[in-house]
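Student: I am new to this structure and should like to understand how the words used to describe it are justified. Please set each value against its definition.

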Amino acid sequence: MPQKTDPLYQNVFNYAFDGILIIDLDTGSVLAANPAAAQMHATTINAFTGSRLEDFIHATSLHLFKDFLMAIQQGKTFEIQAEHKKLDGTLFSMEWHALAFPYKNRTCALAFLRDLRHAPGPSGAFPPARRLRFFPRRVSRPQPARAPRGSCYRALLSPLKPDA
């Protein structure tokens, strides 16, 4: 992202769970990538910036991008599922949603990438999830409001008890 941006937009770009790329339509190279996009591809933001589509899209999916430029230039949304590759050659599926985006006085593509390893499969079921454990915070905090005796809101206002 450019240095002189609204901090809110910069934070959205940096903290999004999906990968976000800004792609130069003339060269097909990445002008900006967020941390999620770099992490999905097992690389750094600096290494990802300047890379070309063929550097991270597997050869079996490159033909799907033949309409990418035309769709973006016509103001359409480009949506596709494609095989990507990490630096080590590992393949994984990504879902693309891209549209025209003004960046540094020219029209570029703004692409949102979702890693399909964490999406529902053909049956609609999500892949098996790892159980997450939440631990109580060790910071002092204000006491929660107390509900009147016998109130049905008591459970909502009382602190949650951690799993045993």
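Tutor: Let us begin with a single residue. K86 touches M40, H41, A42, F92 and R117, leaving aside residues up to four places away in sequence; a contact means heavy atoms within 4.5 Å. This is a predicted model, in which local features need pLDDT of at least 70 and side-chain atom pairs count only at pLDDT 80 or more, while totals for chains, interfaces and linings use all residues. Residues are numbered from 1 along each chain as its sequence is written, and side-chain values use heavy atoms, with hydrogens and water left out.

Student: Where is K86, and what decides whether K86 has a salt bridge?

Tutor: K86 is in the loop between β3 and β4. A salt bridge needs a side-chain nitrogen of Lys or Arg within 4 Å of a carboxyl oxygen of Asp or Glu. The nearest side chain of opposite charge, D88, is 6.1 Å from K86, so the limit is not met. K86 therefore has no salt bridge, although K86 is buried.

Student: Is A42, one of the residues that K86 touches, buried, partly exposed or exposed?

Tutor: Buried means under 20% relative accessible area, exposed means over 50%, and partly exposed lies in between (1.4 Å probe, protein chains only). A42 has 45%, and therefore counts as partly exposed. A42 is in the loop between α2 (35–40) and α3 (45–48), and its phi is near 55°, a positive value in a residue other than glycine.

Student: Why is K104 called exposed?

Tutor: The relative accessibility of K104 is 56%, which is over 50%, so the term applies. K104 is in the loop between β4 and β5 and, with phi near 50°, also has a positive value in a residue other than glycine.

Student: How do you know that β4 and β5 pair?

Tutor: Two strands pair if DSSP finds at least two bridges between them. Strands (E, at least two residues) and helices (H or I, at least four) are DSSP runs, numbered from the N terminus. Between β4 (residues 91–103) and β5 (residues 106–115) there are 10 bridges, so these strands pair, in the antiparallel sense. One example is A100, whose bridge partner in β5 is A109.

Student: How many bridges join β3 to β4, and β1 to β2?

Tutor: β3 and β4 are antiparallel and joined by 8 bridges, with M94 in β4 as the partner of A82. β1 (residues 19–24) and β2 are antiparallel and joined by 3 bridges, where L21 has A33 as its partner in β2. Both counts satisfy the minimum of two, and each of these is therefore a pair.

Student: What makes β2 and β3 edge strands?

Tutor: The 5 strands form an open sheet in the order β2-β1-β5-β4-β3, with antiparallel pairing. β2 (30–33) and β3 (78–85) each have a single partner strand, so one side of each is left without a neighbour in the sheet.

Student: Which residues lie on the covered face of β3?

Tutor: F78, I80, A82 and H84 form the covered face, while E79, Q81, E83 and K85 form the uncovered one. In a regular strand the side chains alternate between the two faces of the sheet.

Technical notes: Lys and Arg count as positive and Asp and Glu as negative; His and the chain ends are not counted.
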